[in-house]
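These notes are meant to be read beside the structure, one point at a time. Please keep the sequence at hand while going through them.

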Amino acid sequence: MPVRVAVEVEIDKVRSMDSRVDPDGGDGHSSPRDVFLRLVNGVCEGPYENLADLYAEQTHVTHPFHPLNPPPLLSRSELHEHFTAPPPFARTLNRKPVDIIIHDTADPEVIVAEFAYQGHVEETGEAFTVPCVFVLRIRDGLIVESRDYIDHIASARAWGQLESLLTALRPSSEVDR
């Protein structure tokens with residue numbers, strides 16, 4: 001049975017994206033928990049150009065619930081492009097990770113993290129919550145594998161992209177009508 005570790009403290013801004021540095025002076029590597037917390041805070045607060053540094057050079061990141069089934073991200077370089085690409089729509093999301101529960105597993109490299117991105121759209125004031133579950137394998141302080149289960153409908157709604165997502169999901173014969 002996994003051990004549940006509730007993280008209820010307000011998490012400080014990301015100081016360093018180098019997950020190989022153990023701030024507590026341990027074996028030189030951050031724990032999977034620490035790497036995950038740097039990741040979700042970095043997604044919310046940046047710096048985005050450093051987020052890929054949390055990943056191994058060769059990695060495997062998937063979004064299994066994404067309705068458009070994008071290909072996996074397989075390298076730090078692909079992740080850098082993913083994190084630094086301009087948003088798909090001219091919206092600014094002010095968000096933070098909330099309701100974080102981290103489950104340790106029998107494999108010390110693997111954690112399961114439940115959380116949500118919660119915030120508001122700066123331009124409209126619209127509130128949003130995007131529930132997520134990440135299954136991460138972290139080796140030597142770097143993410144080598146991640147399955148990111150995200151509520152992509154809630155995410156598309158927050159970004160103002162729900163209609164374009166629905167259009168992309170419709171069979172082409174319906175779109176042409």
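1. Before anything else, please bear in mind that this is a predicted model, in which local features need pLDDT of at least 70 and side-chain atom pairs count only at pLDDT 80 or more, while totals for chains, interfaces and linings use all residues. Residues are numbered from 1 along each chain as its sequence is written, and side-chain values use heavy atoms, with hydrogens and water left out.

2. The protein chain contains five helices and seven strands, where helices (H or I, at least four residues) and strands (E, at least two) are DSSP runs numbered from the N terminus. Their order along the sequence is β-α-β-β-α-β-β-β-β-α-α-α.

3. Of the 177 residues in the protein chain, 40% count as buried; buried means under 20% relative accessible area, exposed means over 50%, and partly exposed lies in between (1.4 Å probe, protein chains only). The protein chain exposes about 10,000 Å², of which carbon and sulfur atoms supply 53%, with areas taken from the Shrake-Rupley method with a 1.4 Å probe and, for residues, only the protein chains shown counting as cover. Among contacts (heavy atoms within 4.5 Å) in the protein chain with a separation of 6 or more, 56% join residues that are 24 or more positions apart.

4. The largest nonpolar core has 34 residues, and those with the most contacts inside it are Phe36, Leu39, Tyr117 and Phe134; such a core is a set of buried Ala, Val, Leu, Ile, Met, Phe, Trp, Tyr and Cys residues joined through side-chain atoms within 4.5 Å. At least two residues of this core come from each of α1 (32-45), β2 (55-62), α2 (76-84), β4 (93-104), β5 (110-121), β6 (127-139), β7 and α3 (152-158), and α1 gives the most, with seven residues. Phenylalanine 134, leaving aside neighbours within four places in sequence, is in contact with residues including Phe36, Leu39, Tyr117 and Ile150.

5. Which residues does serine 146 touch, not counting those up to four places away in sequence? They are His60, Val61, Thr62, Val135 and Leu136. Serine 146 lies in strand β7 (residues 142-150) and is buried, with a relative accessible area of 1%.

6. Two further buried residues lie in loops, and each deserves a careful look. Serine 30 is in the loop between β1 (3-7) and α1, with a relative accessible area of 4%; its side chain makes a polar contact with the side chain of arginine 38 (3.1 Å). A polar contact is a pair of N or O atoms within 3.5 Å; within protein, one must be able to donate a hydrogen and the other to accept it, and residues adjacent in sequence count only if both atoms are side-chain atoms. Serine 30 and aspartate 140 are 110 residues apart in sequence, and their C-alpha atoms are 7.7 Å apart in space. Histidine 63, in the loop between β2 and β3 (73-75), has a relative accessible area of 13% and, leaving aside neighbours within four places in sequence, is in contact with Leu73, Asp148, Ile150 and His152.

7. Side chains of opposite charge can pair when their charged atoms come close. The count here comes to nine salt bridges, each defined as a side-chain nitrogen of Lys or Arg within 4 Å of a carboxyl oxygen of Asp or Glu. One of them joins arginine 91 and glutamate 126 (3.7 Å, N to O). Arginine 91 lies in the loop between α2 and β4 and glutamate 126 in the loop between β5 and β6, so the pair ties together parts that are 35 residues apart in sequence. Arginine 91 counts as buried at 17% relative accessibility, whereas glutamate 126 is partly exposed at 31%.

8. Glutamate 109 forms a salt bridge with arginine 137 (2.9 Å, N to O). Glutamate 109 lies in the loop between β4 and β5 and arginine 137 in strand β6, so this pair ties together parts that are 28 residues apart in sequence. Glutamate 109 also meets arginine 139 in a salt bridge (2.8 Å, N to O), and arginine 139, in strand β6, is 30 residues away from glutamate 109 in sequence. Salt bridges that share partners join Asp107, Glu109, Arg137, Arg139, Glu145 and Arg147 into one network.
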